[in-house]
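Here are my notes for your review, as numbered points. Please keep the structure open beside them.

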Amino acid sequence: MASILILNGPNLNLLGTREPEVYGHESLADVEALCRAEAATHGLDVEFAQSNHEGALIDALHAARGTHAGVVFNPGAYTHTSVALADAVSGIRLPVIEVHISNVHARESFRHHSFISPVAKSIVVGAGTNGYRLGIAQLAHLIGSGRG
Ligand code: CA2
């Protein structure tokens, strides 16, 4: 069974604890459960990870080479700051779907620019946690998984 990596950046471990008007009420554990359920419908296995550290996220992207068929990536605030993460996304040569729970374009102007978007295969923004489902479905479509 093909496997995909769902990777989450800084502060996403706080999901469901604060700012429900922006990020909803679901916890990161809830997001993991919905990702596993969605991936199963496409015949895909899931590794689910979160880190608050830029280098750890880069290491996780590198490790996905050879072990995973693609990545659904919510880089959190590093989206707007990190050339290093953009280089990692572009360097691993795997399809990467960038996901943001909130509509970053309807928020502060510093959230309007993404270093990741130019190197992502697809982008899902402002669909709430359903964005992870959409990202997985798109990844399944791109990698041609059995039931995608
Ligand atoms: O909308 C998204 O998914 C973001 O990637 C979330 C990041 C933010 O910096 C990006 O601009 C957009 C922030 C994640 C922090 O999540 C929290 C959740 C609950 C309480 C506090 C932070």
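Which residues does the UniProt annotation "active site" cover? The points below start there. Keep in mind that this is a predicted model.

1. **The annotated pair.** The unreviewed UniProt entry puts "active site" on Y23 and H100. The two span 78 residues in sequence, yet their C-alpha atoms are no more than 9.6 Å apart, so they gather at one spot. Both Y23 and H100 belong to the lining of the largest pocket. The label comes from the record and may be inferred rather than shown by experiment.

2. **Y23.** This residue sits in helix α1, which runs over residues 20-23. Its relative accessible area is 23%, and Y23 is therefore partly exposed; the cut-off for buried is under 20%. Leaving out residues up to four places away in sequence, Y23 touches L15, I101, S102 and R107. Two of these, I101 and S102, also carry the "binding site" annotation in UniProt.

3. **H100.** Strand β4, residues 96-100, holds H100. With 6% relative accessibility, H100 counts as buried. Beyond four places in sequence, H100 touches N74, P75, G76, T79, V124, V125, G126 and A127. The side chain of H100 also makes a polar contact of 2.6 Å with the side chain of E98.

4. **R107, the partner of Y23.** R107 is in the loop between β4 and β5, the latter being residues 122-125. Its side chain makes a polar contact of 3.0 Å with the side chain of Y23. Outside the four-place window in sequence, R107 touches V22, Y23, S102 and H112. How far apart are R107 and S27 in space? They are 22 Å apart, C-alpha to C-alpha, with their positions 80 residues apart in sequence.

5. **The ligand.** Which residues are closest to the ligand? Of the 17 residues that surround the ligand, the closest are N74, H80, I101, S102 and R111. Three polar side chains deserve a check. For H80, a polar side-chain atom lies 2.7 Å from a ligand oxygen. For S102, the distance from a side-chain N or O atom to a ligand oxygen is 2.6 Å. For R111, the corresponding value is 2.9 Å.

6. **The "binding site" annotation.** UniProt, again in an unreviewed entry, places this feature at N74, H80, D87, I101, S102 and R111. These residues cover 38 residues of sequence and are also spread in space, with up to 23.9 Å between C-alpha atoms. The lining of the largest pocket includes N74, H80, I101, S102 and R111 from this set.

7. **N74.** Strand β3, residues 71-74, contains N74. Is N74 buried or exposed? At 3% relative accessibility, N74 counts as buried. Leaving aside residues up to four places away in sequence, N74 touches L7, N8, G9, L12, V99, H100, I101 and Y132. That list holds H100, from the "active site" pair, and Y132, a member of the largest nonpolar core.

8. **R111.** This arginine is in the loop between β4 and β5. R111 counts as buried, with 16% relative accessibility. Beyond four places in sequence, R111 is in contact with H80 and V104. A polar contact of 2.7 Å links the side chains of R111 and E108.

9. **The largest core.** The largest nonpolar core has 21 residues, and I6, C35, V72 and Y132 touch the most other members. At least two residues each come from β1 (3-8), α2 (28-41), β2 (45-50), β4 and α5 (130-143). Helix α2 gives the most, with five residues. C35 touches I6, V46, F48, Y132 and I136, not counting residues up to four places away in sequence.

10. **A second core.** Apart from the largest core lies another, of 17 residues. Its members include L57, F73, A86 and L94.

Conventions
Residues numbered from 1 in each chain as written. Predicted model: local features only at pLDDT ≥ 70, side-chain atom pairs only at ≥ 80, totals over all residues. Heavy atoms only, no water. 1 Å grid on protein atoms, 1.4 Å probe; cavity = no way out; pocket = protein on both sides within 12 Å on 5 of 7 lines; lining within 4 Å. Helix = DSSP H or I, 4+ residues; strand = E, 2+ residues; numbered from the N terminus. Buried < 20%, exposed > 50% of the residue type's maximum accessible area, 1.4 Å probe, protein only. Contact = heavy atoms within 4.5 Å. Polar contact = N/O pair within 3.5 Å; in protein donor to acceptor, adjacent residues only side chain to side chain. Core = buried A, V, L, I, M, F, W, Y, C linked by side-chain atoms within 4.5 Å. Near = heavy atom within 4 Å.
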